[in-house]
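Biologist: Could you take me through one part of this model up close, the first helix and whatever lies under it? After that, I'd like to know how that part sits in the rest of the chain.

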Amino acid sequence: MSVLWVLGAGQLGAMLKQAGTPLGLDVRPVDIESNDTLALGEQDIVTAEREEWPETVATKQLATHGNFVNLDTFPQLADRLTQKQWLDRLNLATAPWFPVEQDSTAELAYKTLGDRVLMKRRRGGYDGKGQYWLKEAEGTHIPDEWKGFAIAEQAINFDEEVSLVGVRGKNGETHFYPLTLNLHINGILYASISPLERLKPLQSKAETMLSTLMEALDYVGVMAMECFRIGDDLLINELAPRVHNSGHWTQAGAHVCQFENHVRAVTGLPLAPAVVKNQSMMVNLIGVDLDYQWLNIKGLELYWYKKEVRPGRKVGHLNFCSGDLSVLQEALSTLHLAEPYPEALSWLAKNLP
Ligand code: ATP
Ligand code: MG
Ligand code: MG
């Protein structure tokens with residue numbers, strides 16, 4: 001039987017493997033630093049858990065395989081410059097921006113984008129790393145090492161952040177999970193909640209936006225679209241051509257989760273409609289030590305990534321799903337985590353229906 005290789009062996013790779021196992025699929029995440037010679041079969045399939053990778057012995061073997069799904073899409077979306085160009089070309093709303101070039105100045109940024117401008121490194125940024133604020137009031141300038149390597153984006157005064165996780169099959173069939181409401185603190189996702197009745201009016205608009213993109217890229221698998229909600233409008237913040245942290249709740253809250261749908265899509269198996277079970281929420285564990293006492297909390301499902309705990313590092317997540325909202329509220333009041341978690345937990349409590 002053919003193997004599904006995953007470029008990258010982090011938590012996303014592990015969860016893809018976990019999702020493929022009941023289907024009888026042989027899913028093998030590959031550490032990008034591995035020097036092993038992989039026994040790649042001609043019929044095997046390759047996918048990735050990350051949008052960008054350095055050239056190593058392992059990634060070279062995988063990226064030259066004929067069945068690497070979406071291979072051409074990754075560089076298009078991994079570079080924020082070409083990602084933004086795709087959005088503009090497809091007329092999809094995104095925060096106003098310009099490429100930061102050698103001759104770009106902060107004055108030009110303030111003139112064209114306003115008095116607060118967020119520079120983002122074109123490559124490699126995640127969890128808000130790779131951002132640099134330009135503030136006119138503070139007379140900030142563009143450091144030389146950002147010139148040619150960043151885009152500049154208008155600061156958006158959004159009402160809240162939402163994301164859409166969708167899957168597209170080889171035949172062009174698509175399915176979308178309900179919009180997820182997300183809380184980022186200091187650029188890192190702390191908590192998600194879905195489905196929410198009040199986001200329903202935005203669902204079809206969001207689906208049309210993500211469909212347009214997936215169609216244009218002839219994309220196969222799960223893709224996530226992060227948006228800012230401003231009133232009834234959605235502005236695309238960024239895209240991720242892979243399974244996404246804001247879709248982790250689907251492990252508990254959907255009949256078929258994002259990981260299984262991705263595995264199904266890239267292996268050409270039938271996709272599952274995004275049918276949800278009940279109210280779900282997710283809490284990321286960031287720089288937090290493992291505590292098995294959490295398992296006493298009703299409705300809680302723990303995913304621990306077995307990574308060394310460091311401040312600001314995602315080391316696990318907690319999923320909750322219940323048709324009884326009091327179970328979810330009780331879980332939030334029982335969970336005791338240090339700063340800034342009180343803010344994240346009360347945000348969840350406030351947003352539960
Ligand atoms: P991720 O871990 O999601 O990949 P990232 O490092 O790629 O994060 P972004 O998603 O671009 O970065 O930004 C992180 C967060 O910073 C956003 O979720 C949002 O809270 C804030 N942010 C990003 N762009 C803007 C903007 N133009 N205006 C205001 N806030 C922004
Ligand atoms: Mg990102
Ligand atoms: Mg983001």
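Modeller: Sure. Helix α1, residues 11–20, lies across strands β1 and β2, and bear in mind that this is a predicted model. The helix runs at about 175° to β2. Because these angles go from 0 to 180 degrees between N-to-C directions, that value puts α1 and β2 in nearly opposite directions.

Now look at what the helix lies on. Strands β1 and β2 belong to an open sheet of three strands, and its order is β2-β1-β3. The pairing there is parallel. On the outside you have β2 (26–30) and β3 (45–48), the edge strands, each of which pairs on one side only. That leaves β1 between them in the order. The sheet isn't flat from strand to strand either: neighbours are turned by 25° against each other on average, direction ignored.

Zoom in on the pair under the helix. Strand β1 covers residues 3–7 and joins β2 in the parallel sense through five bridges. If you want a spot to find by eye, go to W5, which stands opposite R28 in β2.

For contrast, try the sheet with four strands. This one is also open, but its pairing is antiparallel and its order is β4-β7-β5-β6. Its edge strands are β4 (97–100) and β6 (131–135), with pairing on one side only for each. From one strand to the next, the twist averages 25°. A helix packs here as well: α4 (residues 80–89) touches β4, β5 and β7 (150–154). The direction of α4 makes about 45° with that of β7. Strand β5 (residues 116–121) runs antiparallel to β6, and five bridges join the two. A handy pair to click on is R116 and K135, since K135 in β6 stands opposite R116.

Stepping back, the protein chain holds ten helices and 16 strands. Its radius of gyration is 20 Å, close to the 20 Å the globule rule gives for 353 residues, so the chain is as compact as a globular protein of that length. The C-alpha atoms fill a box of roughly 55 × 50 × 40 Å along the principal axes. As for burial, 39% of the 353 residues count as buried. And if you take contacts with a separation of 6 or more, 65% of them are between residues 24 or more positions apart.

How values were computed:
Residues numbered from 1 in each chain as written. Chains lettered and ligands numbered in written order. Predicted model: local features only at pLDDT ≥ 70, side-chain atom pairs only at ≥ 80, totals over all residues. Pairing = 2+ DSSP bridges. Contact = placed C-beta atoms within 7 Å. Rg over C-alpha atoms; globule rule 2.2 N^0.38 Å. Buried ≥ 20, exposed ≤ 12 C-beta atoms within 10 Å, placed from the backbone.
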